[in-house]
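Good morning, colleagues. Please take a moment to look at the structure on the screen before I begin.

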Amino acid sequence: MSFIVKLCLFCFVVSISNISIAQQNVFVVDIEAGALRSEFAKDFLNKATSTENYKNGIAEYNKLRAEFKALQDDAKTNGLTWSDEQKKTFNGQIEQKLKVVNQLGGQLESARNSLQGRVIQDLTSDIEKIVQAIIEEKSVDLLMNSKAVYFQKPEFDLTAELTEKLNALKAKKQ
């Protein structure tokens with residue numbers, strides 16, 4: 001076969017496959033975002049982060065950051081007049097302060113991630129039921145994680161619908 005005939009045949013096959021794909025009901029959802037935007041998650045995280053222990057951790061972190069910034073400001077203002085010994089002392093202080101700030105910041109971030117994981121774990125069975133209902137309601141042929149998709153039109157994203165249904169379920173349970 002000539003190149004032109006092969007090219008035409010290839011284009012025909014590709015266009016037929018595109019038509020069949022276009023007729024499929026393909027949607028995306030970000031289950032994690034849908035769950036964490038729900039009222040259940042907001043209430044849970046607000047309760048967990050309003051404990052005295054968590055508040056003290058945040059206050060300590062903010063205090064350490066302020067001290068670190070004060071050290072930086074002092075270096076900007078007075079650093080040119082310091083002796084080598086003063087510079088060495090300052091560098092030791094700034095390194096120590098930075099280490100403590102990063103360590104506490106990591107602990108707080110880890111605690112928050114753990115709390116978010118608990119929210120998703122607690123909602124897993126409800127999420128599965130809601131997603132299954134949405135699949136049946138919309139005759140979904142393919143449901144993909146929106147994080148794995150480079151582009152989708154907003155009307156194909158079911159994340160907001162998941163959040164709405166989780167909120168409705170929470171209201172129903174109360």
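Which side chain meets that of E161 in a salt bridge? The partner is K138, and the N to O distance is 3.5 Å. This pair links distant parts of the chain, for E161 belongs to helix α6 and K138 to helix α5, with the two positions 23 residues apart in sequence count. I should say at once that we are looking at a predicted model, and that the values I quote are computed from it.

Let us consider the surroundings of these two residues. Is E161 buried or exposed? Its relative accessible area is 16%, and the limit for a buried residue is 20%, so E161 counts as buried. K138, at 29%, is partly exposed. The bridge does not stand alone: salt bridges that share partners join E137, K138, E161 and K165 into one network.

K165 deserves a closer look. This lysine lies in helix α6, which covers residues 159-173. K165 is partly exposed, with a relative accessible area of 29%. Which residues does K165 contact, once neighbours within four places in sequence are set aside? They are I130, I134 and E137. A further distance may help you to place K165: V131 is 34 residues away in sequence, yet the two C-alpha atoms are 9.4 Å apart in space.

V131 brings me to the interior. How many cavities of 30 Å³ or more does the structure hold? The count is 1, and the volume of this largest cavity is about 40 Å³. Its lining consists of V29, V131, I134, I135, L143, L158 and L162. Helix α5, residues 84-138, provides the largest share of that lining, with 3 residues. In terms of class, the lining has 7 nonpolar residues, no polar ones and no charged ones. Please note that I134 appears twice in this account: I134 is a contact of K165 and also a lining residue of the cavity.

V29, another lining residue, leads us to T159. T159 is found in helix α6. With a relative accessibility of 3%, T159 counts as buried, because the limit for that class is 20%. Leaving out residues up to four places away in sequence, T159 touches V28, V29, D30, A33, G34 and R37.

I now return to salt bridges. How many does the structure hold? There are 10, and I shall describe two further examples.

One of them is formed by E39 and K42, whose closest N and O atoms are 3.7 Å apart. Both residues lie in helix α3, residues 39-49, and they are 3 residues apart, about one turn of the helix. E39 is partly exposed at 34% relative accessibility, and K42 is partly exposed at 40%.

The other example joins K69 to D73, with the closest N and O atoms 3.4 Å apart. What separates these two residues along helix α4? They are 4 residues apart in that helix, residues 52-78, which means a separation of about one helical turn. K69 counts as partly exposed at 49%, and D73 counts as partly exposed at 33%.

To close, I would ask you to keep two pictures in mind. One is the salt-bridge network of E137, K138, E161 and K165. The other is the cavity with its lining of 7 nonpolar residues. Thank you for your attention.

Methods: Residues are numbered from 1 along each chain as its sequence is written. This is a predicted model: local features need pLDDT of at least 70, side-chain atom pairs count only at pLDDT 80 or more; totals for chains, interfaces and linings use all residues. Side-chain values use heavy atoms; hydrogens and water are left out. On a 1 Å grid over the protein atoms alone, a cavity is a set of points where a 1.4 Å probe fits but cannot get out, and a pocket is an open set with protein on both sides within 12 Å along at least five of seven lines; lining residues have an atom within 4 Å of a point. Grid points are joined across faces, edges and corners, and a volume is the space filled by probe spheres set on the points. Ala, Val, Leu, Ile, Met, Phe, Trp, Tyr, Cys and Pro count as nonpolar, Asp, Glu, Lys and Arg as charged, and the others, Gly among them, as polar. Buried means under 20% relative accessible area, exposed over 50%, partly exposed in between (1.4 Å probe, protein chains only). Contact means heavy atoms within 4.5 Å. A salt bridge is a side-chain nitrogen of Lys or Arg within 4 Å of a carboxyl oxygen of Asp or Glu.
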